[in-house]
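These are my notes on a few things I looked up, beginning with a nucleic acid surface and moving on to helices.

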Protein chains: 2
Amino acid sequence: MVRGPRERLVDSAIALMRRKGVAGTGIAELLEHSNTARRSIYMHFPGGKDELLTESTRAAGAAMTALIRDVTATDDPRESVAAFIDMWKGILVDSDYAAACPVVAAALGGSDAPSAPAAAAASFRDWDAAIAEQLVRVGIAAPVADSLATVTVCAIEGAVIVALCSRTVQPLDRVAVHLTELVSAAAPRLSRR
Amino acid sequence: MVRGPRERLVDSAIALMRRKGVAGTGIAELLEHSNTARRSIYMHFPGGKDELLTESTRAAGAAMTALIRDVTATDDPRESVAAFIDMWKGILVDSDYAAACPVVAAALGGSDAPSAPAAAAASFRDWDAAIAEQLVRVGIAAPVADSLATVTVCAIEGAVIVALCSRTVQPLDRVAVHLTELVSAAAPRLSRR
DNA sequence: ACCGTAGTAGACTGAGTGGTCTATCGCAAG
DNA sequence: CTTGCGATAGACCACTCAGTCTACTACGGT
């Protein structure tokens, strides 16, 4: 694995966006965190902070898309939901409720990184599509699957935020219960389990 | 209604948090937006930015709690959900997808306003309680009502974020459908409508 | 009419912002 | 060895940040 300045910058930007948001992520802090020369930012990202954070949003979104595709390889969406919720619980607890979703930060950081929200929106769409694909595979009609997938993403992202500031994973657990309920109701052939 | 500097500052802080987040809300911008003397901030909020934004979070949260209590006065939670979703759609469209939830901003702004997340968490709890109260009233068992209330808050907040960056109210519509579905399933005596 | 207080206006500070620039370093291809 | 280039180190820029300070004004209670 090549660990050039570009990769280090993107990784650090993702880590900082999780904890500080877009506006709160400063160049100086980013340089220190990634052990990179100041100039390297503008070599790889001529557009400066906006370009760097937007690219980092894309990278974080793509990584999550891959993870979703991996987790949804099963034929039971309820397992997938549980796996996701567990992953988020791990992130929150391990970071002592300091790290949230970098893509959410990007979605809300339009005033500091104007092109970041568009990258966030693209990621959300990818996640939707990946989740809907699994739901269709287990027999849910496409329009319902799309809708359920969107709700899954929204509910989990919302729960992460509420859980973060409340310093408890309870919102995630509650969301897991009801998302499972929705999936079971929509996919009759799963509901006997 | 008295419109002293304190009220103007809180109102402006809420408006700016919606659009710029906590870290992105600067004192200078706040002063200009609220037409207030610099000194007045530190007269009313000796703790500076942290205290001002935390207090503004409490105010925004309380206003929303009142609105929730108002909207949930009905005995049909499905109407209440629809009313909320409509309200958010209005905010997003009217602001041209620039204004989100100030309480979410506070929840994520811990690095710039350390005591804001706690105020956000308190608001989320109040909203949960207000929503759960209505659900219990229509015959849903308390534990289920609590859980459903949390999911309602999380899903809507998540949908606002996704809708904002996607520049479409579709996520909110989809969330409305499935929240209604969940409420109907949990409250049998409503489900014939 | 007087005083006390809240509010206004705006200068000022030190630290920090994102971004640019020059100079040097290390290394690989010719 | 030499040339070229990405990377590093760090000075430097104009600007903004949050917060402090002084001087002045407006007004309500006595």
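By class, how many nonpolar, polar and charged residues does the surface near DNA strand C have? I am working from a predicted model, and in it I count six nonpolar, five polar and six charged residues on that surface.

I then looked up which residues come nearest to DNA strand C, and of the 17 residues around the strand these are Gly26(A), Ile27(A), Gly48(A) and Lys49(A), together with Ala37(B). The elements that give two or more residues to this surface are α2 (27-34) and α3 (38-44) of chain A, as well as α3 (38-44) of chain B. I note that α3(B) gives the most, with four residues.

Next I turned to a helix pair in chain B, where helix α1 (residues 5-20) packs against helix α4 (residues 49-71) at an angle of about 85°, the axes being 9 Å apart. I therefore enter α1(B) as roughly perpendicular to α4(B). On the α1(B) side the contact is made by Leu9(B), Val10(B), Ala13(B), Ile14(B) and Met17(B), while α4(B) brings Leu52(B), Leu53(B), Glu55(B), Ser56(B), Ala59(B) and Ala60(B). Sorted by class, this contact has nine nonpolar residues, one polar and one charged.

Last, I checked the length of helix α7 (residues 116-137) of chain A: at 1.5 Å a residue its 22 residues should span 32 Å, and the end C-alpha atoms are 32 Å apart, so the two values agree. After α7(A) comes Gly139(A), for which I noted a positive phi, near 105°.

Key: Residues numbered from 1 in each chain as written. Chains lettered and ligands numbered in written order. Predicted model: local features only at pLDDT ≥ 70, side-chain atom pairs only at ≥ 80, totals over all residues. Near = placed C-beta within 6 Å. Nonpolar A, V, L, I, M, F, W, Y, C, P; charged D, E, K, R; others polar. Axes fitted to C-alpha atoms, helices over the stretch in contact; angles between N-to-C directions. Parallel < 35°, antiparallel > 145°, perpendicular 65-115°, else oblique. Contact = placed C-beta atoms within 7 Å. Expected span 1.5 Å × (residues − 1).
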